[in-house]
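Reader: I'm new to this and I'd love a close look at one part before we wander any further. Could you take me through it slowly?

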Amino acid sequence: MNGTKKIAFVADNFMEEKFFGGAEKLNYKLLSLLKERGFSIDIYVHEKLSNNYKIPENVYIIESKGYPARDNYEYILSGKAICASDLAYIHGFSYMHRLKCVHNKIERLYYKLFRKKKYQFWLNKFRKRRENLQNTKNVIVSSSVLKNDVVQNYGIDEKKVFIVPPGADVDVYKNIAQINADTTVFGLIAVGFKNKGGYIALKAIRKLRKKHKNFRVKIITSTKNSLINSLIKLYRIEEYVEILPIRDNIEEFYESVDCQIVPSLLDTFSMVAVEGMACGRPAIISRRCGACDLISNDVNGMIFNFDKNPANRLAARMEEYINLSYAKKKEMATNAKNTVLCKTWDKFVENIIVILEKETAKV
């Protein structure tokens, strides 16, 4: 790359540590690696969360500065399609998609009739984002399920939407640990218990315990949720479920299980699935989860359809895994790790640069 190219990045906020979630970490990784490659970066945000940023040359508050002027930058990147841009990175599902997946017909009707202000607020945000996307040159998404949402609900030409899976720190994880030979241990990380499919998992465990006794499920979530504890007792699955507190060292958790379950109601990707695979832990994953793009059935994990009785479908897949031979489980673990070895952050940003320079460069 000849010379320094200026980028304006537009987002709600920007963080360089103590991330709120996967989207904030992704933004940080993207901009830090772009800077390493010689790009000069200005950031436009609604909220400034630090007075000592290291990556951007300048930080502007949108309410004071306004959106970046196109003539001042080679490229304008927008997180969440806050404004029209050269390239928008969409992290989350559209409001229409979330209504369909998370709420049933009665709940959707309730929102429209009795929570009109909240419904209208999100509907207006959806319409504004749709307008911005339709005036954006190209769109980046993390998975095929998110691409389908962008094409169908925002009305974007699918030729303008590129799938670029996020990277992962795959090199920090240890070699594959031993798999349990007698009792199969499943793992679920469900900090947002409902959206991550926690209640679906409990129902699946209840069904599975009627056929199998030699399995356990470790679940990372809030230990203070009385509803979860009550359901575990109601379903009589106390001896099969271990609730663990949220922790920083997630690697030890992955190494303590044989297979991860990812029964998300909706998830644009799922970094936990990739990190688990980096530890040699295959995933039994919902088709509504973007990381299912990485899974080949019975090779490095299993996919289950979410429509109609997802708990039964998850239980069936868990049973399939339990019944696999030790050799097959070991093979699946090796395949899972090999699948994500190339999913590095360097590869992620290289793909972004290719799209920027080939698809959105100024004429």
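Reader: Which residues form a nonpolar patch on the surface, and about how much accessible area do they have together?

Author: Before the patch, some ground rules. This is a predicted model, where local features need pLDDT of at least 70 and side-chain atom pairs count only at pLDDT 80 or more, while totals for chains, interfaces and linings use all residues. Residues are numbered from 1 along each chain as its sequence is written, and side-chain values use heavy atoms, with hydrogens and water left out.

Now your patch: it is made of Leu-109, Tyr-110, Leu-113 and Phe-114, which together have about 450 Å² of accessible area. Patch members have over 30% relative accessible area and no salt bridge; like charges are joined within 9 Å, and nonpolar side chains (Val, Leu, Ile, Met, Phe, Trp, Tyr) within 5 Å. The areas come from the Shrake-Rupley method with a 1.4 Å probe, and for residues only the protein chains shown count as cover. Take Tyr-110: it sits in helix α4, residues 105–114. (Helices are DSSP runs of H or I with at least four residues, strands are runs of E with at least two, and both are numbered from the N terminus.) With 43% relative accessibility, Tyr-110 is partly exposed; buried means under 20%, exposed over 50%, and partly exposed is in between, using a 1.4 Å probe and protein chains only.

For contrast, look at Ala-273 in helix α10, residues 271–278. Its relative accessibility is 1%, so it counts as buried. Leaving out residues up to four places away in sequence, Ala-273 touches Gln-260, Val-262, Ile-285 and Ala-291, where contact means heavy atoms within 4.5 Å.

Then there are the charged pairs. The structure has 11 salt bridges, each a side-chain nitrogen of Lys or Arg within 4 Å of a carboxyl oxygen of Asp or Glu. One of them joins Glu-357 and Lys-5, at 3.6 Å from N to O. Glu-357 is in helix α13 (residues 345–359) and Lys-5 in the segment before β1, so this pair ties together parts 352 residues apart in sequence. Glu-357 is partly exposed at 32%, and Lys-5 is partly exposed at 21%.

Asp-267 and Lys-196 make another salt bridge, with their closest N and O atoms 2.7 Å apart. Here Asp-267 is buried, at 10% relative accessible area, while Lys-196 is partly exposed at 29%.
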